[in-house]
Amino acid sequence: MKKHVLAIIMGSDSDLAVMSDAARLLDEFHISYEITVVSAHRTPLRMVSYARNAEMKGMRVIIAGAGGAAHLPGMVASLSTLPVIGVPIKTRTLDGIDSLLSIIQMPLGIPVATVAINSAGNAALLALRILALSDSQLQEKLARYQKRMNAMVRKKAAKLKRVGYQSYLKST
Ligand code: RP5
């Protein structure tokens with residue numbers, strides 16, 4: 001069986017559309033991951049066994065998305081010593097502020113690195129940076145990724161200068 005080095009977990013399949021941004025980025029970087037639903041509230045015992053076994057299975061980082069009373073990232077971090085990156089999911093009632101505050105305000109001792117609301121892509125990039133500490137090829141790939149972004153922004157700035165803001169807006 002193929003060993004996954006990263007886990008993408010989420011409290012519900014309703015989080016999948018957001019969390020798939022992380023999966024897409026990891027695909028782009030050819031990093032193996034497991035993606036699944038683990039609910040802190042609806043499947044607490046599954047959450048305990050998932051978090052307890054993750055390191056033994058070869059996982060290096062866990063990305064955990066949750067919305068509302070979002071206990072999943074903190075609970076998983078409390079059950080393991082792996083780095084956990086929390087993704088607050090935007091909610092219909094409170095716009096994800098509930099998720100953000102639930103995930104980010106961890107007490108001393110159990111850290112969760114929290115990204116912006118719905119920012120699963122940045123969670124993946126942060127996880128890649130952690131892996132890259134012991135993988136120079138991955139570090140080079142990340143540097144190339146940043147160079148491509150840099151070039152894209154410079155190209156846009158040059159176009160804006162060339163055509164002016166009105167034509168630019170019409171062309172986008
Ligand atoms: C959380 O409750 C999940 O992470 C999800 O964001 C939220 C709502 O879940 P569903 O009612 O859509 O399944 O546990």
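Which residues surround the ligand? In this predicted model, the ligand is surrounded by G11, S12, S14, D15, R42, A66 and G67. Three of these residues make side-chain polar contacts with oxygen atoms of the ligand. For S14, an N or O atom of the side chain is placed 2.6 Å from a ligand oxygen. The side chain of D15 likewise has an N or O atom at 2.6 Å from an oxygen atom of the ligand. For R42, the corresponding separation between a side-chain N or O atom and a ligand oxygen is 2.7 Å. On its own, the ligand has 360 Å² of accessible area, of which the protein covers 68%.

The protein that provides these surroundings contains 6 helices and 5 strands. Read from the N terminus, its elements follow the order β-α-β-α-β-α-β-α-β-α-α. The series therefore opens with a strand and closes with two successive helices. The C-alpha trace spans about 60 × 40 × 30 Å along the principal axes of the protein.

Within this arrangement, the packing of two helices was examined. Helix α1 comprises residues 16–28 and helix α5 comprises residues 120–132. The axes of α1 and α5 come within 7 Å and cross at roughly 40°, and the crossing of α1 past α5 is right-handed. On the α1 side, the contact is formed by V18, M19, D21, A22, L25 and L26. Their counterparts in α5 are A120, G121, A124, L125 and L128. By residue class, the contact of α1 with α5 divides into 9 nonpolar residues, 1 polar residue and 1 charged residue. The charged residue is D21 of α1, and the polar residue is G121 of α5, because Asp counts as charged and Gly as polar in this classification.

Methods. Residues are numbered from 1 along each chain as its sequence is written. This is a predicted model: local features need pLDDT of at least 70, side-chain atom pairs count only at pLDDT 80 or more; totals for chains, interfaces and linings use all residues. Side-chain values use heavy atoms; hydrogens and water are left out. Axes are lines fitted to C-alpha atoms, for helices over the stretch in contact, and angles run from 0 to 180 degrees between N-to-C directions. Helices (H or I, at least four residues) and strands (E, at least two) are DSSP runs, numbered from the N terminus. A crossing is left-handed if the near helix is turned anticlockwise from the far one by less than a right angle, and right-handed if clockwise. Contact means heavy atoms within 4.5 Å. A residue is near a molecule or strand if one of its heavy atoms lies within 4 Å of it. A polar contact is a pair of N or O atoms within 3.5 Å; within protein, one must be able to donate a hydrogen and the other to accept it, and residues adjacent in sequence count only if both atoms are side-chain atoms. Accessible areas come from the Shrake-Rupley method with a 1.4 Å probe; for residues, only the protein chains shown count as cover.
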